Amino acid sequence: MKANLNQLTRAIESGNPDIRLYVLYGPDEAGARDIAARVARALGPDAERVDLEPALLKANPGRLADEAASMSLFGTARHIRVAGAGEESVAAATLLLSAERAGNPVVLLAPNAKATSALVKLATSDPRAMSCVFYVPEGGEADKIATSIAREQGLRTMGGTAARIALAAAGDRAVMTRELEKIALYLDAAPERPRELDDAALDAIGADLGDSEMSRAIDAAIGGGPVVLGDELARLAVAGVSPIPLLRQLVRRLMSLAELRAEIDNGANINSVIERVFFRERATTAAALRIWSAAKISDAVDRVRRAERATMAPSNAGTVLSDAAMLGVARMAARQRG
């Protein structure tokens, strides 16, 4: 069945035994992973997680149903997660839904799937499955998500604190959750003992980095300054900045650059195009448009998105992956600049 976020969350938290399969798809992979983590939390701290690769399911479609019906070696709850799922997982999902029994919930993370894909259609049409699309939250929507997460931690957002958290996390649900968990610990907040989250608390714990700090690193990346970028990344690391918001901000700048590049390639005047850019970014954007070609921008976006997925994967190398991707973009720009 097709579900919205509230329906999905209620089903997970209630431990609805009728739901065997959750298909979480769309470009906001971080948001989908945050919901996948809720499945684990709902099953308890001792729950066993089984990770399966899409290639394995393609070669052995019955493996998913077998794992869903198997008991944990330690007698605890278990759940199955498949990251990067796509059409190769349709046969496995079909067998799971048609199996006689399946006691363990299965989560398929399918960031590249569309509503028209066979996998999503299968989950949407079956009452034993739930499908939910995730888009990267922006503006007021991201603020509402921050407020909701804060409430779960026993925090009441005051003034513009929800917007500050959302901006610092670049709309990343998982990052917002981690930041708000730290703040709740700092304020000794919990659902049974709520605390107010005001600007003073944010300033005290240093929860938001400030958009200008990340912008300097992004400017260095798209402007072809790997040495400057290295210094900025080191400073951000000392500040304890998560790499995900930084990578997402870079993708947004590159996508904006791609749109402007397309207009110019179709005959638009560069000065007219630049007038629509946020004034603080005009100089760096104008310089970048003289460096980047449309094809290279596309390559850079792919590189950064791969780094984001790798950074969120289990047992990853963390900031090493994100730093390498950003420095790779800076070197691409430097080579084009000549």
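## Strand β3 and its sheet

Five of the six residues in strand β3 (residues 78-83) are buried, so this strand is largely enclosed by the rest of the structure. Keep in mind that this is a predicted model.

So who sits beside β3? On pairing, strand β2 (residues 48-52) joins β3 in the parallel sense over five bridges. Strand β4 (residues 106-110) pairs with β3 in the parallel sense too, over four bridges. Here are some of the residues that stand opposite each other:

| Residue in β3 | Residue opposite | Strand of the opposite residue |
|---|---|---|
| H79 | R49 | β2 (residues 48-52) |
| R81 | V107 | β4 |
| A83 | L109 | β4 |

As a rule, side chains in a regular strand alternate between the two faces of the sheet.

Getting from β3 to β4 takes you through helix α5 (residues 90-98), and the three make a right-handed β-α-β unit.

Zooming out, β3 belongs to an open sheet of five strands, in the order β2-β3-β4-β1-β5 and with parallel pairing. β2 and β5 (129-133) stand at the edges with a single partner strand each, so one side of each has no neighbour in the sheet. On average, neighbouring strands here are turned by 20 degrees against each other, direction ignored.

Now for helices against the sheet. Helix α4 (residues 62-69) packs on it, touching β2, β3 and β4, and its direction makes about 155 degrees with that of β3. Helix α1 (residues 5-14), meanwhile, lies across β1 (21-25) and β5, running at about 140 degrees to β5.

Conventions: Residues numbered from 1 in each chain as written. Predicted model: local features only at pLDDT ≥ 70, side-chain atom pairs only at ≥ 80, totals over all residues. Heavy atoms only, no water. Buried < 20%, exposed > 50% of the residue type's maximum accessible area, 1.4 Å probe, protein only. Helix = DSSP H or I, 4+ residues; strand = E, 2+ residues; numbered from the N terminus. Pairing = 2+ DSSP bridges. Right-handed = clockwise from strand over helix to strand, strands pointing away. Axes fitted to C-alpha atoms, helices over the stretch in contact; angles between N-to-C directions. Contact = heavy atoms within 4.5 Å.
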